[in-house]
Every structure is written in structure tokens, then in C-alpha cells.
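Work through the exercises below with the sequence and the model at hand. Each task is followed by a solution in steps.

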Amino acid sequence: MSETNLTQDTLNLGHAVQSELERVIQGQPAAIQSLLVALTAGGHVLIEGVPGVAKTLLARSLAAALRCSFARIQFTPDLMPSDITGVNVFNAATGTFAFRPGPLFADIVLAERPDAVIVATGSMPDRAAIPGADGPEVVDVTDILSGATMPFKRVMIIDRLGFHEATSAAEYLAEQGCEVEVVTQTLFVGQDLGITLDLENWYRQARRLGITCTPNHSVLSIDHGVVTALHNYSGQIIKFPKVDTVVLAIHRKADHALYDALKAWVPDLHRIGDCVAPRRAHAAIIEGERAGRAV
Ligand SMILES: Cc1cc2nc3c(=O)[nH]c(=O)nc-3n(C[C@H](O)[C@H](O)[C@H](O)COP(=O)(O)OP(=O)(O)OC[C@H]3O[C@@H](n4cnc5c(N)ncnc54)[C@H](O)[C@@H]3O)c2cc1C
């Protein structure tokens, strides 16, 4: 990263933290430097080393220097999920539950010495498949269905899957007051909804909510909310009116960046679920069971 991209305040803070760490930790300037770079870039750090070379002290000192909260998780075989996330504790006096946060809620968390790592980072939409799909007005259908984002006004959903993803998002967004159009290359919107006997019901809902269905159009590109498509049978190129948000219901690709990053460092490393190849949930569950037994 070029230093000119950083403000003077950020640089001063970085140098102050570095000096503080170098005061506490004897040697290891490279480890300190890479820790600070990873922190600036928002990354995770794997610190490898024999016992007694100040790995824990380094993480703890970083938290202290930054005035951050610090917690450590010992990855023992009997570790329970609630040991990481926290527990709801019943207060008999008030008759209510109160959440007691686990170590994961600290600003800096040290996960100590895992014997094995199972990576299950899932998948992401293959945005490279549509030019312009990385624009700021373009979101993934999972962002809508998870409630992570809420578009407004005019929305176009590009459906390359033909299953529940696009139709569910369309129904949800129209219910919230959006003006929704679904464009797909298939013969009709929701082509695979018949499998689950949901087709008729969805079309009733779509009519009630005023959702526009535009089948037989293969999307070619997105440009600042303007979707361009090819009409499959006439070859005509169509530019749809500009929308505020484009929602992608398209094929996904494995998110294996973390797995690749760990490969050189973790001898007992496993990869499961959609980060191997995006499929259905049961595959992730079966592979999780197998990997769990293997470690
Ligand atoms: C819209 C949609 C609808 C679906 N509907 C169905 C269905 O009806 N039935 C069905 O069987 N399957 C369905 N699937 C597929 C199913 O969701 C997946 O197969 C399943 O969730 C895969 O599980 P996973 O644990 O591998 O990944 P995910 O469930 O995707 O979980 C991966 C998690 O890892 C987190 N993560 C990523 N990177 C990091 C990192 N560096 N550090 C920490 N955490 C990280 C992510 O935030 C995410 O929470 C659907 C998929 C989509 C996208």
C-alpha cells in the first residue's frame, strides 16, 4: 500500500503502535510489520511458531496498544459453539434470559493452536459472468433474502437459475413497495418452480403484487442500472429502462480464498461444502460430518 494513500494521522497511529510493540516484544520486526499490515487491510493472521516465542504476547500487546478488547479461544477437542459465541443465562430474580457474550465479541480474538482447520467459507455469485455485474448498484439475491440490504424504487432481478431464488426475492421486494421486474433467458420466469408445486401460487402472488415477468431475454451487460439483453428468438438487442438496483440470481463460484491462504500453513486442513463447489445444503452437511469425524 502506498503511504500517500494514508492520512498522516493513520501513519502516526501505525508508527506509535509499532514502537509500542517493539518495546514489548524483543525482535520479530517482520512479524510485527506483517501483523500491522494485515490489521490495516482487515485480514486475519495465522502466527506459527514453537512454544515460548511470544505469539500470544504479540496479539495481546497489539490489543493493548490499540486500546482494544482482547480474548483468546483455546481450540480444545471439547470446545462447544457457545464457548465461542456466548450463552443466554437465566436470571431467576427477573425471570428473564440475559446474553453473556463469548470471546468472539472481543475486538481482537486469538484462536490458539487448532490441531486441524475445516474451511467452510461457502460461495459467491460469479459476477464475472455478466460485464458490469460488479457495479455499486448490483447486489446478490442472498443480500436481499438475508436482509443485508434493502433496495428501493425500481428493481430488476436477473434470473439465470429458474428456481426459488429470484421469485422469492421478487415477491419480498414487491411486498416492501419496490417496482420489480424479473428478466430471464428461460421460457418463463420460475421455470423450475413446478418441481416444488409452487409455480401457480407464485404467479398468483406476482399478479397481485404487479411483478413484471420478462422471459426469453439473455442479459448481456449492466451499466449503471441499465440492463442490456438479447431477445433469444429475434436477436434484437434491448436496453431496459434504468433501474435503481439490479439483483443477481446467477450461478455461484466457490469462495476458497481462505483455504488457499491456509494451505501452506495448516497440515491438517479440510475444505467442505460450497467452498469446494456450490451445491445443495445436504452436501455441506455430509462433508461437515465426514471432516468432523476425520479430525
Ligand atoms: C439464494 C440461495 C438459496 C438456496 N436454497 C437452497 C435450498 O432451498 N436447499 C438447499 O439444499 N440448498 C440451497 N442453497 C444452497 C445452500 O445454501 C448451500 O449449499 C449451503 O448453504 C452451503 O453451506 P456452506 O456451509 O458450505 O456455506 P454457507 O452456508 O454459504 O456458509 C459460509 C459462511 O462462511 C462465512 N465466511 C466466508 N468467508 C469467511 C471468512 N474468511 N471468515 C469467516 N467466515 C467466512 C460466510 O459469511 C458464510 O456465513 C441455496 C443457496 C442460495 C445462494
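**Exercise 1. Follow one residue through two pairings.**

Task: Find the residue in E13 that stands opposite Thr228, then the partner of Thr228 on the other strand.

Solution. Step 1: opposite Thr228 stands Lys239 of E13. The model is predicted, so local features need pLDDT of at least 70 and side-chain atom pairs count only at pLDDT 80 or more, while totals for chains, interfaces and linings use all residues. Residue numbers start from 1 along each chain as its sequence is written.

Step 2: strand E13 covers residues 237–239 and is joined to E12 by 3 bridges, in the antiparallel sense. Strands (E, at least two residues) and helices (H or I, at least four) are DSSP runs numbered from the N terminus, and two strands pair if DSSP finds at least two bridges between them.

Step 3: Thr228 is also the bridge partner of Ser221. The strands concerned are E11 (residues 217–223) and E12 (residues 226–231), which pair antiparallel over 6 bridges.

**Exercise 2. Assemble the sheet and inspect its turns.**

Task: Give the strand order of the open sheet of 3 strands, and say which residues of its hairpins take a positive phi.

Solution. Step 1: the order is E11-E12-E13, and the pairing is antiparallel. Strands E11 and E13 are the edges, each pairing on one side only. From one strand to the next the twist averages 25 degrees; angles run from 0 to 180 degrees between N-to-C directions, and axes are lines fitted to C-alpha atoms, for helices over the stretch in contact.

Step 2: the hairpin of E11 and E12 has 2 residues between the strands, and His224 there has a positive phi near 50 degrees. Between E12 and E13 the hairpin has 5 residues, and Gly235 takes a positive phi near 75 degrees.

**Exercise 3. Describe the parallel sheet.**

Task: State the order of the sheet of 5 strands and identify the strands at its edges.

Solution. Step 1: this open sheet runs E7-E14-E8-E9-E10, with parallel pairing.

Step 2: strands E7 (138–140) and E10 (212–214) each have a single partner strand, so one side of each is left without a neighbour in the sheet. The twist averages 25 degrees from one strand to the next.

Step 3: E10 pairs with E9 (residues 179–184) in the parallel sense over 3 bridges. In this pairing, Val183 has Thr214 of E10 as its bridge partner.

**Exercise 4. Characterise a helix pair and its loop.**

Task: Describe how H1 and H2 cross, and decide whether Gln26 is buried or exposed.

Solution. Step 1: the axes of H1 (residues 8–24) and H2 (residues 29–41) come within 10 Å and cross at roughly 145 degrees.

Step 2: the crossing is right-handed. In this convention, a crossing is right-handed if the near helix is turned clockwise from the far one by less than a right angle, and left-handed if anticlockwise.

Step 3: H1 contributes Gly14, Val17, Gln18, Leu21 and Glu22 to the contact, and H2 contributes Pro29, Ile32 and Leu36. Residues are in contact if their C-beta atoms, placed from the backbone, lie within 7 Å.

Step 4: Gln26 lies in the loop between H1 and H2. It is exposed, because 7 other C-beta atoms lie within 10 Å; the cut-offs are 12 or fewer for exposed, 20 or more for buried, and partly exposed in between. From Gln26 to Ala283 the C-alpha distance is 48 Å, with their positions 257 residues apart in sequence counted as separation.

**Exercise 5. Judge the overall form.**

Task: How do the radius of gyration and the domain assignment describe the protein?

Solution. Step 1: the protein has a radius of gyration of 25 Å, whereas a compact globule of 295 residues would have one near 19 Å. The radius is taken over C-alpha atoms, and the globule rule is 2.2 Å times the number of residues to the power 0.38.

Step 2: the assignment, automatic or from a database, gives domain 1 (3–115) and domain 2 (131–249). Their C-alpha centres lie 42 Å apart.

Step 3: of the 295 residues, 21% count as buried.

Note on methods
Two residues are in contact if their C-beta atoms, placed from the backbone, lie within 7 Å.
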